[in-house]
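Me: Hello! I am new to this structure and would like to walk through a few of its parts with you. Could you show it to me?

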Amino acid sequence: MALATLLWGPPPLTAQDAPPRDGNARSLPDPLRTPGPGVSMALARARRAQVGAVRYALALAVSAGDTAHGTVTVGFTRRGPGPVVLDFRGLSVGTVSVNGRPLSGGPGSVWDGAHLQLPADALRPGDNTATVSFASRVAAAGAAVIRTVDATDGRPFLYTLLVPSDAHLLFPVFDQPDLKARVTLTLTTPAGWRALANGALQGMDTVDGGVRHRFATTAPISSYLIAFAAGPWQVASRPEVIRPGEAPVPVELWMRPSRAAEVAADSLIALNARALRWLGAWFGVPYPFGKYALLLAPAFPFGGMEHPGAVFYNEDSFSDREPPTLPQRLGRQATTYHEVAHQWFGDYVTMRWFDDLWLKEGFATYMAARMQAEVEPEAEAWKGFYLRNKPTAYATDATAGTTPVWQQLGNLDQAKSNYGPIVYNKAPALLRQLEFLVGPTAFQRGVRSFLRAHAFGNATWQALLTHVGAAAGRDLAPWGRQWFLRPGMPVVTQQLTVRDGRIARLALTQRPAQPGVSGPGGWPQKMEVLLYRAGGPSERLAVELRGDTTEVAAARGRPAPDFVFANHGDHGYALVLPDSASVRWLETGATTITDPFLRAMVWGALWDLVREAQLDPARLARMALAALPQERDEQLAAVLVSRVVTTTTRYVTGTPREALLGMTERALLAGASDTTRGYGIRKAHLDGLVAVAESPGALARLDGWLDSTSAAGLPLRGPTRWALVTRLMARGVPGAEERLAAERARDRSADAARLAFVAEAARPDSAWKGALFARWFSDAGVNEEWVTASLRAFHDPARASWTAPLLPAALDSLPWIQRNRRIFFLGNWLGATLGGQVRPEALATVDRWLAERPALAPDLRQKVLQARDELERTVRIRGAWGGGAVGRSEPPDE
């Protein structure tokens, strides 16, 4: 679709009206007779017109084995001609009957390994049923049912994860989000196991060799939201009010017994219940799914999953083997509020197709911050929102591989590619801009109207903007086309002219970060410009940007400020590059800014200048190291430490790096040892020191701490001990292998095997790395989350020459990864693989690989280009500020 059409033509009225990404779905003569691979938009569109009133009666038997056996009866109303197609790519199909009659010819006549085609002559108008027996895989990775084995006692734990389109890896189903269904689950397990599902447990029956668990029928939900868990779980329960004005009901927390002592169960239950109450009141819709339970899933591949009635969270993120820092606690809150917000945006109202994925993910992230800001003002939620979202969003949106927020999608096979920072980090930022534009009252009224209009149904982004626009009395379609259909982002530069101590002119100029992707012109948005004066009153001026250059007329004639910042309060979405006068003042004055939120944003603006190769990274690192002893904000201190580590390990080379490394090691040790600072700030310094330690003295100190119960005066517990071992392994310190063996013998916790796996991935041995790389693909017993956790240790930039030969194979694996791994794995794989490289030769390898594959799927090409950007920036920054000859200060590379 031409960019001009995207921006100024009429928006697509529904997801189905948009052209598919693969360009082939519309050429199919009849997707009901020839479904093709995956779940195409054409098939989904045809089925949506053909069937409705879907319900599933699903009976499954699971155990410690690698196969789940089941039967499903699919009920539906048929309102159109032709065969009816179910999706299924499990292990096998047994018997198939339609309306009580077995199909002749056996399952082979209707099942092709991807779809079950129910013949038209076996169907009738109106109500129909199809009953299918089947088998599906249970495994540590690559299956709809994930199995983990507890290292402490050998007991298995099972849970499902079907997002975005793995429901049909589990059972025959209409696997598309706009065919919602009522689900009745019966689950047979070994005796002694508990079982959790979307619906409330109604009863249990003893059967031969096990127990049958019967669950209540759910409200209408999309197929990717169907969930269950089974195993010898431990359950905590307490009564909580989850709907304003109603009586308390039991809320359960499910966890592994081996980690129960690390979990603050009552606090987590209360946190979820508070979110249910607050969000129900804000949305004007009480929690709509009956019972509510949460489960801490081991080896969970991302932060959480919003299954209605059974929310799954990452076990490691909600268990404490050592005291959590403030950023960790706030991140835990944000994840909880995000998943609970999904009960409305995602579960109650679901996007019609996964091209509108942002509609649920962006809203959940935004509402999490909005809730946190209101219920816990001391958390400074909008500062955390900026720190967690904006740098990540900008780092992707400024690349040549960026995409629109609304992403064309021809087949659900490609839906995993739609997950990433554009959906999770840019989209919530645009909702913040939208609320700032229309005002909070109109925004809330519009959202409530949207939810009421689409209750237990599906919707698109156009519908949301229609409701918010009606509440605001404003046509939001032009704004929406620019922000949701146009790829890329603006870079805003400040142009300040001062005469006789007063502002003669202040202008904000927009340019696309990637003109070749975005096309020309700026974006419409409302921002707040700050005129900051250290010795006098500062001023804030609201301004709406509409074109390439916007003059801030209200600034003319006002006293000259110490610095100008065009995105005060972070309402806008843009890389704001300060003018030279502002940079000069900030170099020495940033630490004097008393507002932590503003201080975080100006440090972010300086970091953006580094990434644009306009500011010497060593200079910024020295500024940050000088500021850290005075920085009392725990969130910002952790960010500054992280950026110093990145600068030292990636961006600075040659003689400047030698001086910076010593300065960094000393400063981080001092900060970690400073007993006048809080635990969180000291822990951030300690973690930074472990990540950057390279000199013999620093590495010897890390090694010595393993013989103690403390490090830099802080209690030394399991996760940090393993971080020390991993760093010693990565640097090839003599005795590191013995330290690894000793720690493996010492730590008998449930998480020890995973942490040892990560440490081994750092081993500085090219043969070992090659063998581990192959094992990631060949060993079905290796859990996907373990691989994700090990990628950064494996791809250490200091060992870039050993992993560079694996670059082509790592890139060649992308189609396999897209088919066989979870939604975030592809991005993590590319980020770690290319992030572990720092040299021009590696950049040339990536570019050559792309050039030699003109037929590469567009979504995969975009993912590679997104990850390539950090490598290209690294090469450019090192070239601009590298400091000459590499010498011995270059990270060891052999």
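Reply: Gladly! One term comes up below: two strands pair if DSSP finds at least two bridges between them. Keep in mind that this is a predicted model.

Me: Which residue of β28 is the bridge partner of T493?

Reply: Strand β22 (residues 490-499) pairs with strand β28 (residues 575-577) in the parallel sense, over three bridges. One of the residues to look at in β22 is T493, and its bridge partner in β28 is L577.

Me: And which residue of β23 is the bridge partner of L496?

Reply: Here we turn to the pairing of β22 with strand β23 (residues 502-512), where the strands run antiparallel and 10 bridges join them. For L496, the bridge partner in β23 is L506.

Me: Which residue in the hairpin of β22 and β23 takes a positive phi?

Reply: This hairpin has two residues between the strands. The positive phi, near 55 degrees, belongs to D500.

Me: Are helices α8 and α11 roughly parallel or roughly antiparallel to each other?

Reply: Helix α8 (residues 421-438) and helix α11 (residues 477-485) pack with their axes 11 Å apart, at an angle of about 160 degrees. Angles over 145 degrees count as roughly antiparallel. Therefore α8 and α11 are roughly antiparallel.

Me: How many residues of the contact of α8 with α11 are nonpolar?

Reply: On the α8 side, the contact is made by K426, L430, Q433, L434 and L437, and on the α11 side by W479, W483 and F484. One residue of this contact is charged and one is polar, while the nonpolar ones number six.

Methods: Residues are numbered from 1 along each chain as its sequence is written. This is a predicted model: local features need pLDDT of at least 70, side-chain atom pairs count only at pLDDT 80 or more; totals for chains, interfaces and linings use all residues. Side-chain values use heavy atoms; hydrogens and water are left out. Axes are lines fitted to C-alpha atoms, for helices over the stretch in contact, and angles run from 0 to 180 degrees between N-to-C directions. Helices (H or I, at least four residues) and strands (E, at least two) are DSSP runs, numbered from the N terminus. Angles under 35 degrees count as roughly parallel, over 145 as roughly antiparallel, 65 to 115 as roughly perpendicular and the rest as oblique. Contact means heavy atoms within 4.5 Å. Ala, Val, Leu, Ile, Met, Phe, Trp, Tyr, Cys and Pro count as nonpolar, Asp, Glu, Lys and Arg as charged, and the others, Gly among them, as polar.
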